[in-house]
Amino acid sequence: MAYRRVLLKLSGEALMGGQGYGIDPAIVQAIAKDVVEVVAGGTQLAIVVGGGNIFRGLKGSAAGMDRATADYVGMLATVMNAITLQDGLERVGVPTRVQSAISMQEVAEPYIRRRAIRHLEKGRVVIFGAGCGNPFFTTDTTAALRAAEINADVIFKATKVDGVYDKDPAKHADAVRYETLTFLDVLSGELEVMDSTAIALCKDNAIPIVVFDLFGSGNIGRAVAGEPIGTSIVP
Ligand code: UDP
C-alpha cells in the first residue's frame with residue numbers, strides 16, 4: 001500500500017446517492033464494504049463527513065437565517081451523518097469512534113487529537129463530526145485541518161465525479177480530466193476541488209489530495225494502493 005494513514009473526505013451529497021435528501025443506506029453499505037478491506041490491509045483510516053445532504057449554512061443564510069446559526073445547524077447535520085456511517089461500518093465489523101468538534105458526550109467522544117491518533121494506531125476508524133466546530137468553515141477545510149493534525153499521508157476526496165476536469169463534464173462532452181495538478185494550478189485556475197482555505201492548508205502542509213469517484217466499487221482500496229485513479233493534487 002502506498003499510504004499508511006489516510007484522511008477520507010466524504011461529502012454529504014455522496015451519502016445521499018440518488019435521493020434528493022438524507023442518507024441512502026445502500027451507499028453506506030457500499031462504503032463500509034470498501035472500508036473493511038482497506039482497514040484489514042493495515043491502513044489507518046480517518047473520515048471527515050460533510051452535511052450537505054441535510055443542511056448547508058450558506059443556503060440557510062440565503063433564506064434569511066443568521067449565518068453563524070445556520071452553520072451550527074450544518075455542523076449538527078454532519079454529526080447525524082457521522083453516527084449513521086459509524087453504524088454502517090460497525091455492522092460489517094469495523095471498530096469505529098465518532099469524535100465531535102461540538103461536545104455532545106451522549107453520542108460521540110469529544111475531539112481529542114492524541115486520542116484520535118491512538119484509535120487509529122489500534123486499527124479503529126475515526127469519524128470526525130461537527131466539522132472543525134466553527135461557523136464560516138467547511139468540512140473540506142476540516143479535512144485539511146484534521147489531516148495535518150493527525151499527520152495523514154494523503155487526503156482522499158471521494159466524490160460523484162471521477163476526478164478534476166477543465167470544465168464541467170456533465171455539461172461539456174469535450175471536458176478533459178487532469179491526472180495531476182499542483183496546488184497552485186488549483187488556486188490560480190479556480191478549479192472546483194475544495195474551497196481555497198482547504199487547498200491553502202494542504203499546500204502549506206504539503207498534504208497531497210487524490211480526487212476520485214466514490215461509487216466505483218473498490219476505489220478506496222485502489223487509491224490506498226497508489227493506483228493512478230482520478231486526479232492527484234501535489235505540491
Ligand atoms: N460547517 C461549519 N463549520 C465547519 C464545517 C461545516 O459551519 O467546520 C457547516 C456549514 O454550514 C456547511 C455545513 O456545515 O454548509 C455542512 O458541511 P459542508 O457543506 O462542508 O458539507 P458537504 O458539502 O461536504 O456535504
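This talk describes the fold of one protein chain, its sheet, one buried helix, and the surroundings of its ligand.

Good morning, colleagues. Please keep in mind throughout that the structure is a predicted model.

I begin with the overall form. The protein has 235 residues, and its radius of gyration is 17 Å; a compact globule of that length would have a value near 18 Å, so the two agree. Along the principal axes, the C-alpha atoms occupy a box of roughly 50 × 50 × 35 Å. Of the 235 residues, 46% are buried. The secondary structure consists of nine helices and eleven strands. If we take contacts between residues at least 6 apart in sequence, 71% of them connect residues at least 24 apart.

As to annotation, an unreviewed UniProt entry lists residues 5-213 as "domain: Aspartate/glutamate/uridylate kinase". Over that stretch the chain is 42% helix and 20% strand. The C-alpha atoms at its two ends are 20 Å apart.

Let us turn to the sheet. Nine strands form an open sheet with mixed pairing, in the order S4-S3-S5-S2-S1-S6-S10-S11-S9. Strand S4 (109-110) and strand S9 (180-182) are the edges, each pairing on one side only.

Within that order, I would draw your attention to S1. How much of S1 is buried? Five of its six residues are, so S1 is largely enclosed by the rest of the structure. On one hand, S1 runs parallel to S2, joined to it by six bridges; leucine 8, for instance, stands opposite isoleucine 47 in S2. On the other hand, S1 runs parallel to S6 through five bridges, and here leucine 10 has alanine 158 of S6 as its bridge partner. S2 in turn pairs with S5, again in the parallel sense, over three bridges. Alanine 46 has its bridge partner in S5, namely valine 126.

The next element is helix H6, residues 139-149. Nine of the eleven residues of H6 are buried, and the helix is mostly covered. Among the buried residues are Thr139, Asp140, Leu145 and Arg146. Against what do the buried residues of H6 pack? Their partners are strands S1 (5-10), S2 (44-49), S5 (125-129) and S6 (154-159), together with H4 and helix H8 (196-204). After H6 comes asparagine 151, which has a positive phi, near 60°.

One residue of H6 merits a closer look, and that is arginine 146. Is arginine 146 buried or exposed? It counts as buried, because 26 C-beta neighbours lie inside 10 Å, where 20 or more suffice. Beyond its neighbours within four places in sequence, arginine 146 is in contact with Leu7, Ala46, Val48 and Phe128. Ala46, as I mentioned, is the residue bridged to valine 126. The C-alpha atom of arginine 146 is also separated by 8.3 Å from that of cysteine 132, which is 14 residues away along the chain.

Cysteine 132 brings us to the binding site. The unreviewed UniProt entry gives the annotation "binding site" to Gly51, Asp71, Cys132, Gly133, Asn134, Pro135, Phe136, Phe137, Thr138 and Thr139. These residues span 89 positions in sequence, yet no two of their C-alpha atoms are more than 14.2 Å apart, so they gather at one spot.

Two of them serve as examples. Aspartate 71 lies in helix H4 and is buried, with 23 other C-beta atoms within 10 Å. Apart from neighbours within four places in sequence, aspartate 71 is in contact with Gly57, Pro135 and Phe136; Pro135 and Phe136 also carry the annotation. Threonine 138 sits in the loop between S5 and H6. Threonine 138 is buried as well, with 22 other C-beta atoms within 10 Å, and with sequence neighbours within four places set aside it is in contact with Asp195 and Ala198.

Finally, the ligand. It is surrounded by 23 residues, of which the closest are Gly50, Gly52, Gly57, Gly74 and Gly131. Elements giving two or more residues to this shell are helices H1 (12-16), H3 (57-62), H4 (67-91) and H6 (139-149). Which element provides the largest share of the shell? That is H4, with five residues. By character, the shell divides into 13 polar, six nonpolar and four charged residues.

To close, H4 and H6 recur in this account: both contribute to the ligand shell, and buried residues of H6 pack against H4. Thank you for your attention.

How values were computed
Residues are numbered from 1 along each chain as its sequence is written. This is a predicted model: local features need pLDDT of at least 70, side-chain atom pairs count only at pLDDT 80 or more; totals for chains, interfaces and linings use all residues. UniProt positions are given in the numbering used here, feature names are shortened, and annotations may be inferred rather than shown by experiment. Helices (H or I, at least four residues) and strands (E, at least two) are DSSP runs, numbered from the N terminus. A residue is near a molecule or strand if its C-beta atom, placed from the backbone, lies within 6 Å of it. Ala, Val, Leu, Ile, Met, Phe, Trp, Tyr, Cys and Pro count as nonpolar, Asp, Glu, Lys and Arg as charged, and the others, Gly among them, as polar. A residue is buried if 20 or more other C-beta atoms lie within 10 Å of its own, exposed if 12 or fewer, and partly exposed in between; C-beta atoms are placed from the backbone. Two residues are in contact if their C-beta atoms, placed from the backbone, lie within 7 Å. The radius of gyration is taken over C-alpha atoms; the globule rule is 2.2 Å times the number of residues to the power 0.38. Two strands pair if DSSP finds at least two bridges between them.
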